[in-house]
Amino acid sequence: TTTASESSTNEAREALDCLHELSQLLNTGLDKKTLTACVRLLESGVHPDALAQIIQVLRTETRPAKV
Amino acid sequence: MSNFLKSIQPTLNEIVYDLTGLTLSDRFNPHKKLFEDAIIHRSNVNVEKRHVDKSVQGLKEKYIVHAQDKKADLLEFLIKRFNNRPLLKHSPESELHLSCLQFIISLARRPLDVELDDFSHLVHEQVEEANFNWPVFLLGNDYQQPIASDDYQDDESLTDDDDRIDSTSIQNDTIVDIELESKPIDDIEQQNYSSLDREILTSYWHGKQADDVSPALRNFALFWDQTMMKTTHLAYRVNAQTVTEYILIRETLWLLMNSNELHVYSIDENEQVHVADFVRLCDVTPVAIQECLQKFTLLSNQFQLANRFLKKITHSCRTVSSFAQTLRDQMTLIHFQLADIEKSVLQQNHTYTILSFYQQLDSLGLISKGECIERIFDQIFFDVEKLNCDLTLELIHVLYKNVLMSEMINNLTFFNFFLPLFISSCRIYLEIIQNWLANGNLDDPFEEFFIKRKTDVSVEALDFWHQSYTEQVENASLIPRWLASIVPSLIKAGKCAEILKSNSVLTNEEESQSFVEKFSQYLQANCNLTKQTWTPLTIIHDSEMNTLVKPLKSSPLISLNLLFDDIDNERNSFLALAFNQMQMSKPTLLDITHQQLCLSSSINQSSNIECILQTFSEQILLVKCTQLINQLTNDILHRLSYLKHIEYIRNFFLFENGSFMHQFALRLYAKLSQTIHERLDAFTVLVSFDSTLTMFGLDKIQYPLSVIFQSATESSITQKYIIQNVQLKYDLPKELVIIVKPEHMETYQKCFAFVLQVKQAKYVLDQLVFSEFRVKNRVRNRRLYRHQSYQLHHEMFLLRARLLHAVNAVNNFVLTTFHTAGEQFVEKHSAKSIDIESMIVYHEKFLIALAIGSLLQPKQQAIREQLMKLFEIVTIFARRWQLGFDSIKIEHINKLKTEFNQTKQFISIVLKPFLPRMIDSPLRALACALQDDFYSNN
């Protein structure tokens, strides 16, 4: 079971790494932590377009503050 | 919806904090409306693959249009890699993967501006994988150097890997020309080989676990291992923790072919062996090893159930042996199918994957066969101590149930697996039945048949018909319906066969086909079953005794005469020979499946298995049983002339055809009336019988009837003058003892004795005349009429009349009862449906009726005693009369009258309940007759 849990952890890590690489290639601007949270939301059943919209709105709202 | 939002709120808060730095709480959530609107708005919208694919395609085209082909390739590579990995317990290419991809694509911001240099390591991996020739490397021939990417600058690691590969590559011939000499293996491989602790497995197509495999087979095993061994070095190349699916397929094949365990391993750079936990497949479809192991070890365990059972050389009975024989054939077929897969795996132009391997197992029906085996061994426990008869019945019941189930769900693989097993399990029953009906002998040395012959009841025993055969199983409801419906006829026929055999008249058609062959024919014709040939029972039995398991050539489609078994021929290229000679090819399986599909879709429902078996049992088994029963019936009726003997018995014992017995009886009565003070003796009886024979011109020696007189051991005071102890002896053929038993003859004897007594009473009364009051005594008469003796004569006359009336009533009752019963008996035997069992029943009923007529029933004991008393009164009265008029006194007559009145009154009271009966019966007639005595008040 230890081996199994380790392997599943490895698999999850690898999958998220792969997604992060994709995310970087597409210049989404999400770091790993945020991306992980987003994946959790998507797993819960949130529509990806809805989540993308939320993030875009949040970025838009905070852009003046960051600038 | 609010609950859903509440559940995801913490994660949303995290994201908001990451992006904006704001900490949200329940009281402070300026984005609540945003969340609700966005999420609720799309809550019922699904993520569709085609949209995602379209978006990805759009991106790629964008890259290509802007001359960024490498980015497009990298995008495709990364998406594939991502899709092929499980994500948070979701399997690859799940909906979550689609959602993530859609999410990222939606958030893409100016992807054209991204620098590729930042992803150089990925590009390198992508190029490597794209250019590597997996199939060639796996199959091990014409190995080619991997083509390095032009963009890749640093070749050092690649060179090292190449060297390693070069050091381990083996120059092989093509698979067609296989050299069988031992190939040298290098140190690394030797080490790997020993560290894995592998055994060279015996050939799977031998079907037995023996140590003395041919050298050629050893070489093959070694060659296989050597060929496949180098694929482990792929682990060095790609990932220290990966193995190829090819290894998994190879290992699984060995596992399914009854090897000990699955070896899936990897070897790291330090040449250490590790259990692999991840499989990287050559079609870039990674599957967790646990999933593979789960599927294949389940199948392997299922096959192991059969293999463990088949390892037992001796079985408890022939049915189980026959079942084991067919199961072995099925397992051999499975092994051949696996060998066929192995052959495909070695082909050059075929890239084998786990998925295709599993699909092929499924298409050949091996997955289903594993399920079948599991079903059988779940439902039957061969190791539990139980009687053979219960075990065999349970086996047949379970197999039959599964055959019906597979037919009902229209699963042809199940059906084709279970049906031969079912047939082979039934064959012993059919062989036993065949032998029983053909030879009259229930040969069941292992006591596996559900009917048992009681050895302590011989065929000549009186209770043979009722006690000889019993059903000996614990649960008779397990007997299949098609067999259970004929069990009563079967038992009857078996008894008939045994009787006919003991009478030496059992005949059989010499050319009749065995039940087993007919059984097979019925099923072959209707279920498209391959022709089955049966190893004779004796051979099975002998092989059991010799503890040898020989490969049996039961069907040309299953067994092979493989040339490579010739172990002396070292140049035997058994690979090519074996695989080329395998006859159970997939098209054949497909044809069978196609035909059975056509049959099963037929509207005519009578072709189902239950109807087929019912038809078989009615048309074959039941017909044979009926033939035997009819044979015995005809033998009894015609050869043994049963009805003729009954007719004689009726004539002799029951005075039905009165001539002979009437004359004999008259002689006895006459003798008795002459010897007033003496009784009958043996001499008198024999002389009377002989003179009657002479009168009718009959030969004493050939006549079936003779007479015996047994002297009374005690003198009977009340029945002093009634004929007793005269017995008839009738020569009945001993074969008829099955119907007419000795105790029945005793009943006839008692009936004869009673009739004799009734007729004696009638005779003595009939003989009484007032002879002394004839002409020569007219003078005396004149004087007498003037005296009071007239009254005496009158009383005597009256008493005689009354006695005669009573005796006639009894005589009528007895003879009417006998005659009616006899006529009913004859009428029943004229029916066409008569058989031995009904003959036994009718005869017993006949005897019951006779017993009633003779008042032999316990309830009639009182009446009989009174009738005996009546007969005694009659005989005393007659003797008094014959002593002479002068010796009779009115007191004597009065006394006799009183006794007669008492006797008659008693009988009337006992018979009174019969008076109101509506049905006219002899007993009612007797009751009426004794009731209507006008002189009873006197």
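**View 1. A stretch of chain B with low confidence in this predicted model.** In chain B of this predicted model, residues 134-242 keep a pLDDT (the predictor's confidence in each residue, from 0 to 100) under 50, and the model has 165 contacts beyond four places in sequence for them, contact meaning heavy atoms within 4.5 Å. Residues 281-285 of chain B also stay under 50, with 14 contacts beyond four places in sequence. Where pLDDT is low, the predicted coordinates should not be read in detail. Chain B averages a pLDDT of 71, and 65% of the residues score at least 70. Confidence in chain B is lowest in helix 11 (residues 233-237), at a mean of 26, and highest in helix 5 (residues 95-107), at 90; helices (H or I, at least four residues) and strands (E, at least two) are DSSP runs, numbered from the N terminus. For the complex, the predictor gives an ipTM of 0.93 and a pTM of 0.59.

Residues are numbered from 1 along each chain as its sequence is written, while chains are lettered from A and ligands numbered from 1 in the order in which they are written. Because this is a predicted model, local features need pLDDT of at least 70 and side-chain atom pairs count only at pLDDT 80 or more, whereas totals for chains, interfaces and linings use all residues, and side-chain values use heavy atoms, with hydrogens and water left out.

**View 2. Helix 4 and helix 5 of chain B, and the loop after helix 5.** Helix 4 (residues 69-83) and helix 5 of chain B pack at an angle of about 150 degrees, with their axes 10 Å apart; axes are lines fitted to C-alpha atoms, for helices over the stretch in contact, and angles run from 0 to 180 degrees between N-to-C directions. Ile79(B), Phe82(B) and Asn83(B) of helix 4 make the contact with His97(B), Cys100(B) and Leu101(B) of helix 5. In the loop between helix 5 and helix 6 (120-131) of chain B lies Arg110(B), whose phi is near 45 degrees, a positive value in a residue other than glycine. Arg110(B) counts as exposed at 65% relative accessibility, where buried means under 20% relative accessible area, exposed over 50%, and partly exposed in between (1.4 Å probe, protein chains only).

**View 3. The paired strands 8 and 9 of chain B.** Strand 8 (residues 705-709) and strand 9 (residues 726-730) of chain B pair in the antiparallel sense over five bridges, and two strands pair if DSSP finds at least two bridges between them. Strand 8 has a covered face, formed by Leu705(B), Val707(B) and Phe709(B), and an uncovered one with Ser706(B) and Ile708(B). In strand 9 the side chains alternate, so to one face point Val726(B), Leu728(B) and Tyr730(B), which are buried, and to the other Gln727(B) and Lys729(B), which are not. Phe709(B) stands opposite Val726(B), and Leu705(B) stands opposite Tyr730(B).**View 4. Cys496(B) and the residues around it.** Cys496(B) has its place in helix 21 (residues 487-502) of chain B, and at 0% relative accessibility Cys496(B) counts as buried. Leaving aside neighbours within four places in sequence, Cys496(B) is in contact with Trp465(B), Leu628(B), Ile629(B), Leu632(B) and Ile836(B). Leu506(B) is 10 residues from Cys496(B) in sequence and 9.2 Å from Cys496(B) in space, C-alpha to C-alpha.

**View 5. Helix 35 of chain B.** The 22 residues of helix 35 (residues 890-911) of chain B should span 32 Å at 1.5 Å a residue, and the end C-alpha atoms are 31 Å apart, which agrees; the expected span of a helix is 1.5 Å times one less than its number of residues. Among the buried residues of helix 35 are Ile893(B), Leu896(B), Lys897(B), Phe900(B), Lys904(B), Ile907(B) and Leu911(B). An α-helix has 3.6 residues a turn, so residues three or four places apart point the same way.

**View 6. Helix 2 of chain A and the residues on either side.** Chain A has three helices and zero strands, and of its 67 residues 49% count as buried. Asn27(A) lies in the loop between helix 1 (2-25) and helix 2 of chain A, has a positive phi of about 60 degrees although it is not a glycine, and counts as partly exposed at 30% relative accessibility. For the 13 residues of helix 2 (residues 32-44) of chain A, the expected span at 1.5 Å a residue is 18 Å, and the end C-alpha atoms are 18 Å apart, which agrees. Buried residues in helix 2 of chain A include Leu35(A), Cys38(A), Val39(A) and Leu42(A). Just after helix 2 of chain A, Gly45(A) takes a positive phi of about 125 degrees.
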